[in-house]
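What follows is a guided reading of one molecular structure, meant for someone who has not met it before. Please keep the sequence and the model in view while reading.

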Amino acid sequence: MTSMALIEAKGWADQLMDSAFRGRGDKEKSARYRLSKKTGVPESYLFRLQYKTAEMKDVAGSVYRALMIAYDNACRTNEDAADKYRAQRLELRGHHETADEKPAQAGLGMDSSNN
C-alpha cells in the first residue's frame, strides 16, 4: 500500500517533468537532469518516482518537501504570468474603448454643399 505522501510526490514530479520538457527534440533524461538540478532531488529518485512507484512504500521527507516547494513555485509563477497578462489585456481594452469614443472629424466624407 502506498502512502498519500508518495502519491502527492509522484503527481508533483510528473507535473514538474512535463514543464521541464523543452520541445520535440528534448530527451526525458535531459528534462530529468534539469529538474534534478532545480529541485535538488537526485535523478535516480525522480526516475523511481516515475517508473517504480509500485515498489516504493513511502517517500523521503526531503524529497517530498523539495518537490512540494518546486511545484508551488511553478504554480505561483504561472498565476503571476496570468495576472500580468490579464492586466495588460484589460489595459489594452481600456485604451481601445476610449479610442472608439473619439468624435469623428466634422464633415469628413460628406459634401457640405448639398445641405
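A good place to begin is Asp26, which is buried, with a relative accessible area of 17%, a value that falls under the 20% below which a residue is called buried. The model shown here is a predicted one, and in it Asp26 has a charged partner, for Arg34 forms a salt bridge with Asp26 in which the closest N and O atoms are 2.4 Å apart. Side chains of opposite charge can pair when their charged atoms come close.

The structure holds three salt bridges, and another of them joins Arg32 to Glu28, where the closest N and O atoms are again separated by 2.4 Å. Arg32 and Glu28 both belong to helix H2, which covers residues 28-39, and they stand four residues apart, or about one turn of the helix. The two partners can be described by their exposure: Arg32, at 7% relative accessibility, counts as buried, whereas Glu28 has a relative accessible area of 29% and is partly exposed.

A further salt bridge is found between Asp14 and Lys10, with the closest N and O atoms 3.3 Å apart. Both of these residues lie in helix H1, residues 4-20, and a spacing of four residues, about one turn of the helix, lies between Asp14 and Lys10. Here each partner is partly exposed, Asp14 with a relative accessible area of 27% and Lys10 with one of 24%.

With these charged pairs placed, the wider layout can be taken in. The protein has four helices and zero strands, so that a reader who follows the sequence meets the pattern α-α-α-α. Of the 115 residues in the protein, buried residues make up 21%. As for the confidence of the prediction, the average pLDDT of the protein is 85, and 79% of the residues score at least 70. Confidence is highest in H3, at a mean of 94, and lowest in helix H4, residues 61-100, at 85.

Helix H1 deserves a slower look, beginning with its length. At 1.5 Å a residue, the 17 residues of H1 should span 24 Å, and this agrees with the model, in which the end C-alpha atoms of H1 are 24 Å apart. The buried residues of H1 are Leu6, Ala9, Trp12, Ala13, Leu16, Met17 and Ala20. They cover an arc of only 135° around the axis, which puts them on the same side of H1. The face of H1 that is turned away from this buried side carries the exposed residues Met4, Asp18 and Ser19.

Trp12, one of those buried residues of H1, also takes part in a cluster of aromatic rings, in which ring pairs link Trp12, Tyr64 and Tyr71.

How many aromatic pairs does the structure hold? There are three aromatic pairs in the structure. In one of them, the rings of Phe47 and Tyr51 have their centres 4.9 Å apart and their planes at 50°, so the pair is tilted; the reasoning rests on the rule that planes under 30 degrees apart count as stacked, those over 60 as edge-to-face and the rest as tilted. Phe47 and Tyr51 both lie in helix H3, four residues apart, about one turn of the helix. Phe47 is partly exposed, with a relative accessible area of 33%, and Tyr51 is partly exposed as well, at 47%.

Other residues of helix H3, which runs over residues 43-51, are buried, namely Tyr45, Leu46 and Leu49. They cover an arc of only 100° around the axis, which puts them on the same side of H3. Tyr45 has a further contact, since the charged end of Arg48 sits over the ring of Tyr45, at 5.2 Å from the centre of that ring.

The last stop returns to helix H2, which is where Lys38 has its place. Is Lys38 buried or exposed? With a relative accessible area of 60%, Lys38 is exposed. Lys38 can also be related to a residue further along the chain, Ala66, which stands 28 residues away in sequence, while the C-alpha atoms of Lys38 and Ala66 are separated by 9.5 Å.

Definitions and conventions. Residues are numbered from 1 along each chain as its sequence is written. This is a predicted model: local features need pLDDT of at least 70, side-chain atom pairs count only at pLDDT 80 or more; totals for chains, interfaces and linings use all residues. Side-chain values use heavy atoms; hydrogens and water are left out. Buried means under 20% relative accessible area, exposed over 50%, partly exposed in between (1.4 Å probe, protein chains only). Helices (H or I, at least four residues) and strands (E, at least two) are DSSP runs, numbered from the N terminus. The arc is that of the directions from the helix axis to the C-beta atoms. A salt bridge is a side-chain nitrogen of Lys or Arg within 4 Å of a carboxyl oxygen of Asp or Glu. Rings of Phe, Tyr and Trp (its six-membered ring) pair if their centres lie within 6.5 Å; planes under 30 degrees apart count as stacked, over 60 as edge-to-face and the rest as tilted. A charge sits over a ring if NZ of Lys or CZ of Arg is within 6 Å of the ring centre and within 35 degrees of the ring normal. The expected span of a helix is 1.5 Å times one less than its number of residues. pLDDT is the predictor's confidence in each residue, from 0 to 100.
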